[in-house]
Amino acid sequence: MLTVEGLRSRYGRIEVLHGIDLHVDSGEIVTVVGANGAGKTTLLRCLSGVQPVSGGSITFRGEVLTPVPAYKRLRRGLAQSPEGRQIFTNLTVEENLRLGAFLFSDDRVDRDMEDAFQMFPILKEKRNLAAGGLSGGQQQMLAMARALMGRPSCLLLDEPSMGLAPIIVQQIFDVVKGLKALNVTVLLVEQNAFGALKIADRGYVMETGHITMEGTAAELIADPRIREAYLGI
Ligand SMILES: Nc1ncnc2c1ncn2[C@@H]1O[C@H](COP(=O)(O)OP(=O)(O)OP(=O)(O)O)[C@@H](O)[C@H]1O
Ligand SMILES: [Mg+2]
C-alpha cells in the first residue's frame, strides 16, 4: 500500500532523514519506534506532504506521491493525526470532527460522526463543548477521530500515547488495534516501543535518521538489543 524508498529530508542544510526504506502492506499495523529526535515526525510529515523531501520516493497505492501536494493526499486516502494533537481548541468537538470531513458533503458524514462517537463515547458527551477544555487523552481521541472523518485507507499516527496516563494509553492502543477491522491500514510512530509493538504486525527501529532494525513485532520484542535499548527489560 505504501512504499518509501531512499527517503531523504533536511531542515536547511542539515539532513535529518538519510535514506529511509520501509513499506506498509494493506491491512497492516506497522510501527516506527525510536528515541526523541530520531526523525519519526519528519518521516510522517514527508508522507503527508507538509515537509519537503530532498531525495528518494514515496509510493502510495501504486502512485508516486512525492510530487502530489499535501492537500491532495487526503483525497488519495492518506490522513495524519499529528504530533501534539493540533486540534482547534476554540471550536467544539463536533466542529473539529466536521473539519476532518471537509472533503465530503454527503449524508455519510453524520454516520461517520456516529461511528467516531461509538469508538470514543466520551466525545459524544462533549460534542458541543470547546475542544480546548478536553483532557489530553480526550484531545488525542479527537485528533484520531478527526483524521478518520477523512475516510482514509491509511492512517498516520504520530505518538498518540505521548504524555497520557497508562490506562488512557491502553484505551488508545486498543482503538488503533481495532482499526484493522475497519480496513484502515496504520503507520504508527511511537517512543513507547513496547506499547506500539504489542499491537503492531511489524516494526522498524529508527535511529538518527536511519532505519537500523526491522522485523515482525514478535521478533523485535524478543530481540535483546531492543529489550535493552527501548523496552527497559
Ligand atoms: N523545524 C525544525 N527545524 C530544524 N530542525 C528540526 C526541526 N524539526 C525537527 N528538527 C530536527 O530534526 C531531527 C528529527 O526530529 P523529529 O521531530 O523528526 O524527531 P522525532 O523522532 O519525531 O522526535 P520525538 O520523538 O521527540 O517527537 C531532530 O534532530 C530535530 O532537532
Ligand atoms: Mg516526533
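Visitor: Which residues surrounding ligand 1 are the closest?
Guide: This is a predicted model, by the way. Here 13 residues surround ligand 1, and the closest are Gly 37, Lys 40, Thr 42, Glu 83 and Glu 159.

Visitor: What makes the pair between Lys 40 and ligand 1 a polar contact?
Guide: An N or O atom in the Lys 40 side chain sits 2.6 Å from an oxygen atom of ligand 1. The cut-off is 3.5 Å, so that pair counts. The Thr 41 side chain also has an N or O atom 2.8 Å from a ligand 1 oxygen, while Gly 39 uses a backbone N or O atom at 2.9 Å.

Visitor: How do you know that Thr 41 and Glu 83 coordinate the magnesium ion?
Guide: Thr 41 (OG1) and Glu 83 (OE) are at 1.9 to 2.1 Å from the magnesium ion (ligand 2). Donors must be within 2.8 Å, so both qualify. Thr 41 belongs to helix α1 and Glu 83 to the loop between β6 and α3, so the pair ties together parts 42 residues apart in sequence.

Visitor: Why is Glu 83 called partly exposed?
Guide: Its relative accessible area is 33%. Buried needs under 20% and exposed over 50%, so Glu 83 falls in between.

Visitor: And the largest nonpolar core: which residues have the most contacts inside it?
Guide: Leu 97, Leu 123, Leu 142 and Leu 155, in a core of 49 residues. Helix α6 gives the largest share, seven residues.

Visitor: Why do you say this core lies between domain 1 and domain 2?
Guide: Both domains give residues to this core, so it lies between them.

Definitions and conventions:
Residues are numbered from 1 along each chain as its sequence is written. Chains are lettered from A and ligands numbered from 1 in the order in which they are written. This is a predicted model: local features need pLDDT of at least 70, side-chain atom pairs count only at pLDDT 80 or more; totals for chains, interfaces and linings use all residues. Side-chain values use heavy atoms; hydrogens and water are left out. A nonpolar core is a set of buried Ala, Val, Leu, Ile, Met, Phe, Trp, Tyr and Cys residues joined through side-chain atoms within 4.5 Å. Buried means under 20% relative accessible area, exposed over 50%, partly exposed in between (1.4 Å probe, protein chains only). Helices (H or I, at least four residues) and strands (E, at least two) are DSSP runs, numbered from the N terminus. Domain bounds come from an automatic or database domain assignment. Donors are N, O and S atoms within 2.8 Å of the metal (3.2 Å for Na, K and Ca); water is not among the atoms, so sites may look incomplete. A residue is near a molecule or strand if one of its heavy atoms lies within 4 Å of it. A polar contact is a pair of N or O atoms within 3.5 Å; within protein, one must be able to donate a hydrogen and the other to accept it, and residues adjacent in sequence count only if both atoms are side-chain atoms.
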